[in-house]
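Visitor: Could you take me through how the helices are described here, and what the words for their packing rest on?

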Amino acid sequence: MAVFSRCSVVSTAARTPTSAAATTFSYLIRALSPSFSSSSSSFDPETDLNRGKPAGLGTLKREPKGRNVQWAFLGCPGVGKGTYASRLSNLLGVPHIATGDLVRDELASSGPLSSQLKEIVNQGKLVSDEIIIDLLSKRLEKGEAKGESGFILDGFPRTVRQAEILEGVTEIDLVINLKLREEALLAKCLGRRICSECGGNYNVASIDIKAENGSPGMYMAPLPPPPECASKLITRPDDTEEVVKKRLHIYQMMTQPVEDFYRSRGKLVEFDLPGGIPESWPKLLRALNLEDHDDKQSAAA
Ligand code: AMP
């Protein structure tokens, strides 16, 4: 069971569920998406947010008083955003929404966007802001219909423009910037394996970086699949060495500025992963002033 001890960044009001935030978010994003053009590099909230809006929509921009957490994860490919976002979402009872999963679902659906997306994703490039916002908007609307409230975003926002759009429609309470030594990132991406049936994420890489020139060593054990997934593992087509290097470069160019965006707003929590899940998870919880009773019980058992 999830327990907040003292989460200094999130107000108590931010923990009471209501679907109003999701309604505002998805409705506004949907209303905005046709008016955006990926070719325009600057975003003027006053002009762009009002373009194409039905009359009176501006009133929806108000944040509802009570709602669940709205957090986002930043970090290079392979850092483990999915792993920690998924754990936190279980702990806090909010959906984990990974835009990369939305893109892969769209690819698998063989819908109209599928072949266009395949080429972009397999080359390690970013999908356009319009497409990603449309996919996210649809996902939020589906969740809203099921009574979901709050979210942990993983892989969004990935450009300053996406962050600006998000800021125009809802408040993000906290952004966790996961960091891992560069030599581990490539190995983690190349070792990633996914169960083609249940979608579970595993890793065959055993990372053992020796202490050198004053830098401490680091060990990250493989994350093996359970027996029922072992024969169904696949590798993501964009997890090749060439494409991962490109994705890392694109992260530096397009997404690192998003770190500054949230840093300047006092919302960024920097977290250097000290190793694998057993070491990192309890430290991350402490950094967020959270407690995981289930984890403590299983550790004590
Ligand atoms: P991920 O699983 O987060 O590594 O995402 C896989 C791929 O989906 C990325 O390399 C991009 O092509 C695309 N993608 C996911 N999220 C976004 C985003 N917020 N903006 C643009 N493209 C994205």
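Guide: What follows is a talk about two pairs of packed helices in a predicted model.

Visitor: Why are helix 6 and helix 7 called oblique to each other?

Guide: Helix 6, residues 129–145, and helix 7, residues 160–169, pack at an angle of about 40°, with their axes 10 Å apart. Angles under 35 degrees count as roughly parallel and those from 65 to 115 as roughly perpendicular, and since about 40° belongs to neither range, helix 6 and helix 7 are therefore oblique. Helix 6 passes helix 7 in a right-handed crossing.

Visitor: How do you know that helix 6 and helix 7 meet, and which residues are involved?

Guide: Contact means heavy atoms within 4.5 Å, and on the helix 6 side Asp-129, Glu-130, Ile-132 and Ile-133 meet Arg-161, Gln-162 and Ile-165 of helix 7. These contact residues divide into three nonpolar, one polar and three charged.

Visitor: What makes helix 4 oblique to helix 5?

Guide: Helix 4, residues 99–108, packs against helix 5, residues 114–122, at an angle of about 130°, and their axes are 8 Å apart. Roughly perpendicular ends at 115 degrees and roughly antiparallel is kept for angles over 145, so the angle of about 130° makes helix 4 oblique to helix 5. The crossing of these two helices is left-handed.

Visitor: Which residues make the contact between helix 4 and helix 5?

Guide: Helix 4 contributes Val-103, Glu-106 and Leu-107, while helix 5 contributes Ser-114, Leu-117, Lys-118 and Val-121. Sorted by kind, the residues of this contact are four nonpolar, one polar and two charged.

Conventions
Residues numbered from 1 in each chain as written. Predicted model: local features only at pLDDT ≥ 70, side-chain atom pairs only at ≥ 80, totals over all residues. Heavy atoms only, no water. Axes fitted to C-alpha atoms, helices over the stretch in contact; angles between N-to-C directions. Helix = DSSP H or I, 4+ residues; strand = E, 2+ residues; numbered from the N terminus. Left-handed = near helix turned anticlockwise from the far one by under 90°. Nonpolar A, V, L, I, M, F, W, Y, C, P; charged D, E, K, R; others polar.
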